[in-house]
Amino acid sequence: MLVTKAPILLLDEPFSGGLDPSGLLALKRVLKRRVADQGGTVVLTSPVPEIVEEIADRIVILKAGEIAAFDTLDGLRRLTNCSGSLAEIFERLMFPETSQKLEEYFKEMRS
């Protein structure tokens, strides 16, 4: 039996090292191309949901060291009943009380 080993690349916040816009674009393209050409898996951490949304096939959201959610972006949208961005989904999963307080604040401001 032929066993092939798919490479796994682990990156800790690769987009938060002061890259300029062209560096961000280049790194995103390199990571996508690497997976497309060589297969395997890239696991990365990032505090920037917009970047994750652009490049991830599946997303894991951790809360207090536990997995709060693990799915595709569309799956996370269904889970949270949110049609918005990953940032909005993250907000609903991680800080639901903050979102609720902000909505109440904005309602009060309109009154």
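This passage walks through the core, the salt bridges, the surface patches and two unusual backbone spots of the structure. The model is a predicted one.

A good place to start is the inside. The largest nonpolar core is built from eleven residues. Those residues are V52, I59, I61, A69, L73, L76, C82, L86, I89, L93 and M94. Three elements each give two or more residues to this core, namely β3 (residues 59-63), α3 (residues 73-80) and α4. Of these, α4 is the top contributor, with four residues. Helix α4 spans residues 86-94, and it turns up again below, in one of the surface patches.

Next come the charged pairs. As a bit of background, side chains of opposite charge can pair when their charged atoms come close. In this model, the count of salt bridges comes to four. One of them joins E54 to K28, with 2.7 Å between the closest N and O atoms. The two partners sit in distant parts of the chain: E54 belongs to helix α2 (residues 49-55) and K28 to helix α1 (residues 21-38), which puts them 26 residues apart. Their surroundings are worth a look too. E54 is partly exposed, since its relative accessible area is 45%. K28, on the other hand, has a relative accessibility of 15% and so counts as buried.

Another salt bridge brings together the side chains of R77 and E53, at 3.5 Å from N to O. This pair also links distant parts of the chain, as R77 is in helix α3 and E53 is in helix α2, 24 residues away. R77 has a second partner, D74, and here the closest N and O atoms are 3.3 Å apart. The R77 and D74 pair is a local affair: both residues are in helix α3, and because they are three residues apart, about one helical turn separates them. Put together, E53, D74 and R77 make up a network of salt bridges. Each member of this trio is partly exposed. For R77 the relative accessible area is 22%, for E53 it is 27%, and for D74 it is 46%.

Moving to the surface, one patch there carries negative charge. It gathers E88, E91, E103, E104 and E108. Two helices each supply two or more of these residues, α4 and α5 (residues 96-110). The largest share comes from α5, which gives three residues. E91 is one of the members located in helix α4. With a relative accessible area of 34%, E91 counts as partly exposed. Helix α4 therefore has two roles in this account, giving four residues to the largest nonpolar core and two or more to the negative patch.

The surface also has a nonpolar patch. V60, L62, I67 and F70 form it, and together they have about 410 Å² of accessible area. The elements giving two or more residues to this patch are the strands β3 and β4 (residues 66-71). Among the members, F70 is found in strand β4. Its relative accessibility is 51%, so F70 counts as exposed, the cut-off being over 50%. Strand β3 thus shows up on both counts, with two or more residues in the largest nonpolar core and two or more in the nonpolar surface patch.

Last up are two spots in the backbone. Most residues other than glycine have a negative phi. A64 goes the other way, with a positive phi near 55°. A64 is placed in the loop between β3 and β4, the two strands that supply the nonpolar patch. It is exposed, with a relative accessible area of 79%. N81 also has a positive phi, near 55°, and it is likewise not a glycine. This residue lies in the loop between α3 and α4. Its relative accessible area is 68%, which means that N81 is exposed as well.

Conventions. Residues are numbered from 1 along each chain as its sequence is written. This is a predicted model: local features need pLDDT of at least 70, side-chain atom pairs count only at pLDDT 80 or more; totals for chains, interfaces and linings use all residues. Side-chain values use heavy atoms; hydrogens and water are left out. Patches are made of residues with over 30% relative accessible area and no salt bridge: like charges are joined within 9 Å, nonpolar side chains (Val, Leu, Ile, Met, Phe, Trp, Tyr) within 5 Å. Accessible areas come from the Shrake-Rupley method with a 1.4 Å probe; for residues, only the protein chains shown count as cover. Lys and Arg count as positive and Asp and Glu as negative; His and the chain ends are not counted. The place of a charge is taken as NZ of Lys, CZ of Arg, CG of Asp or CD of Glu. Buried means under 20% relative accessible area, exposed over 50%, partly exposed in between (1.4 Å probe, protein chains only). A nonpolar core is a set of buried Ala, Val, Leu, Ile, Met, Phe, Trp, Tyr and Cys residues joined through side-chain atoms within 4.5 Å.
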